[in-house]
Amino acid sequence: MAVILYLVIPCYNEQEVLRETTKRLHDKLGRMKTAGLITEESRVVYVNDGSRDATWQLIEEIHRENPLFTGISLAHNRGHQSALLAGLLTVKDYADVVISMDADLQDDIEVLDKMVEEYNHGNEIVYGVRSSRKKDSIFKKFTAEAFYHIMNVMGVEIVFNHADYRLTSKKVLESLSGFREVNLFLRGIFPSIGYKHTTVLYERNERFAGESKYPLKKMLSFAWEGITSFTVSPLRLIAGLGILISFVSLCAFIWSIVEKLIGYTVAGWTSILCSIWLLGGLQLFCLGIIGAYIGKIYEEVKQRPRFILEKNLLEEEKEEDK
C-alpha cells in the first residue's frame, strides 16, 4: 500500500552536503514511487536549526527548483533534538509516516523501502539500527557502546546502536505531541511511547562533506542529558554513597577509640588531610548532580516554547494552493 511519506532532516550549517543529499533523495524517492511504496504527495522537509551559513538560502532555492523538497526554519539555534521535534510535529498532519534522518548522508537511504514495508506489516515505529561499528575509531566505539550499556544499567529503555534514524506513524506522532518536556532525549521518549515496533539494520556511511556537529564535548553533554532526563539513578547512587561513607566513618571512629584505649596513637596529618579532601570532593560531586536535576526542574517549570518557527514553506505552499 502506497503511503504519504515525509522525510524530516535537521540541518545546522550543512551547505556543503545539501545539494548531494537532495540529488540522492530525489533519485531514491523516485524509485520508491515507481515501486508503489509512496505517493506523489510525499515530501522531504529540511529543518534549518538557526544555521550561520547559507543553509536556509539553499533550502529555499532547492524548494523553488523542486517542490518535492521543502523546509522550515527555526528562529534560533535550539539543538538537534529540538529541531527534529519541530520537524516531526510540523509534518504530522500532512503525512501517513515520517522518517527522520541526518543531512550528512551517513544514514543509508537504501533501507527506506524496508522501513515502509515494515510499517505496512503493522509496525508503528521502525528503528534504524547500525549493523556494526567497524568504521568508528576505537575510542568512538568504546564510548558509544559504554553509553548504551550505562543507560540500560540505569533502567532507561533505549534501542542499542540506534540514533535518530527511524520511521514513525501519524499515531505515534500524535502521542509524541503529548510529551511536554523541554529537556529532550527522543531516543528514550519513543521506546516509552509503546506501540508495535521493529528494527532495520543498516551500515552507516562516512560523512559526505563538512564537519561533524557532535564533537566529544557535545556527545558527553548529550549522554548526560539522556541519563538525567529518564532516570533518577544518580540520585539513588548519592544516597547509597552517603550510607557507605557513614558506615566507613563509623568503623574509623570505633577504630580510633580502640587505639586510644590501648594507648597507641599515631600523629599522622596525611591521613586526615586525605580524608578531608576525599569527603570534600565527594560532597561537591554530589551537589553537582543534585544541582543538575534542580536545573532541569527550573527549565521545565518555566514552560517556555521548545522552538519557534520563523519560516514554514509548507504553510506558504498551502496558502498558495488556496
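**Close-ups of the sheet, two helices and a surface patch**

**View 1. Strands β5 and β7 sit side by side in parallel.** Strand β5 (residues 125-130) and β7 run parallel, with 6 bridges joining them. To pick out one of these spots, start at Tyr127 and look across to β7, where its bridge partner is Thr199. Keep in mind that this is a predicted model.

**View 2. Here's the whole sheet, strand by strand.** What is the order of the 8 strands in the open sheet? Reading across, you get β7-β5-β6-β4-β1-β2-β3-β8, and the pairing is mixed. At the edges are β7 (197-202) and β8 (309-312), each of which pairs on one side only. Going from one strand to the next, the twist averages 20°.

**View 3. Helix α2 packs on the sheet.** Which strands does helix α2 touch? Residues 55-65 make up this helix, and it touches β1 (5-11), β2 (43-48), β3 (69-74) and β8. The direction of α2 makes about 150° with that of β3.

**View 4. Helix α3 lies across six named strands: β1, β2, β3, β4, β6 and β8.** The helix covers residues 80-91. Among the strands in this view are β4 (97-100) and β6 (162-169). Against β1, helix α3 runs at about 155°.

**View 5. A nonpolar patch shows up on the surface.** Leu287, Ile290 and Ile294 make this patch, which comes to about 280 Å². Leu287 is found in helix α10, residues 269-302. Is Leu287 buried or exposed? It counts as exposed, because its relative accessibility is 56% and the cut-off for exposed is over 50%.

Definitions and conventions
Residues numbered from 1 in each chain as written. Predicted model: local features only at pLDDT ≥ 70, side-chain atom pairs only at ≥ 80, totals over all residues. Heavy atoms only, no water. Pairing = 2+ DSSP bridges. Helix = DSSP H or I, 4+ residues; strand = E, 2+ residues; numbered from the N terminus. Axes fitted to C-alpha atoms, helices over the stretch in contact; angles between N-to-C directions. Contact = heavy atoms within 4.5 Å. Patch = residues over 30% accessible without salt bridge, like charges linked within 9 Å, V, L, I, M, F, W, Y side chains within 5 Å. Areas by Shrake-Rupley, 256 points an atom, 1.4 Å probe, with all protein chains shown as cover. Salt bridge = Lys/Arg side-chain N within 4 Å of Asp/Glu carboxyl O. Buried < 20%, exposed > 50% of the residue type's maximum accessible area, 1.4 Å probe, protein only.
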